Amino acid sequence: MSIPTPGAIVTGAARQALAAKAKELYLAGCTIQSTADRIGRSYGATRTLLLEAGVTLRPRGGMRGRYGSAARR
């Protein structure tokens with residue numbers, strides 16, 4: 001699969017192939033941002049591709065504030 005140039009509109013079979021590649025990367029553990037970097041799309045475009053591919057997005061990670069759940073353990 002060739003990666004389209006950044007900013008190019010991707011439609012049809014090329015869009016489905018790009019969404020499938022994004023899904024593969026995301027399900028392998030990549031973040032949305034790292035997936036976006038690898039497929040040459042923006043964060044928002046990659047998120048949209050993942051949703052179109054039927055991916056259930058992971059919740060946001062990391063601690064929230066000074067007394068997050070990790071501090072209670």
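What percentage of the 73 residues in the protein chain do buried residues make up?

1. The model under review is predicted. Buried residues account for 23% of the 73 residues in the protein chain. The chain exposes about 5,200 Å², of which carbon and sulfur atoms supply 54%.

2. As to secondary structure, the chain holds three helices and zero strands, and its pattern along the sequence reads α-α-α. Of the contacts between residues at least 6 apart in sequence, 48% join residues at least 24 apart.

3. The largest nonpolar core comprises 12 residues, among them Val10, Leu18, Ala22, Tyr26, Cys30, Ile39, Leu50 and Val55. Two or more residues of this core come from each of helix 1 (12-27), helix 2 (32-39) and helix 3 (43-52). The most is given by helix 1, with five residues.

4. Ala19 also belongs to this core. Apart from its neighbours within four places in sequence, Ala19 is in contact with Leu49 and Ala53; Leu49 is likewise a member of the core.

5. Helix 2 merits separate comment. Its buried residues are Ile32, Thr35, Ala36 and Ile39. Viewed down the helix axis, these buried residues fall within an arc of 100°, so they line one face of helix 2. The general basis is that an α-helix has 3.6 residues a turn, so residues three or four places apart point the same way. Helix 1 and helix 3 are included in what covers the buried residues of helix 2.

6. Asp37 and Arg38, on the other side of helix 2, are exposed. Just after helix 2, Gly40 adopts a positive phi of about 75°.

Note on methods: Residues numbered from 1 in each chain as written. Predicted model: local features only at pLDDT ≥ 70, side-chain atom pairs only at ≥ 80, totals over all residues. Heavy atoms only, no water. Core = buried A, V, L, I, M, F, W, Y, C linked by side-chain atoms within 4.5 Å. Buried < 20%, exposed > 50% of the residue type's maximum accessible area, 1.4 Å probe, protein only. Helix = DSSP H or I, 4+ residues; strand = E, 2+ residues; numbered from the N terminus. Contact = heavy atoms within 4.5 Å. Areas by Shrake-Rupley, 256 points an atom, 1.4 Å probe, with all protein chains shown as cover. Arc of directions from axis to C-beta.
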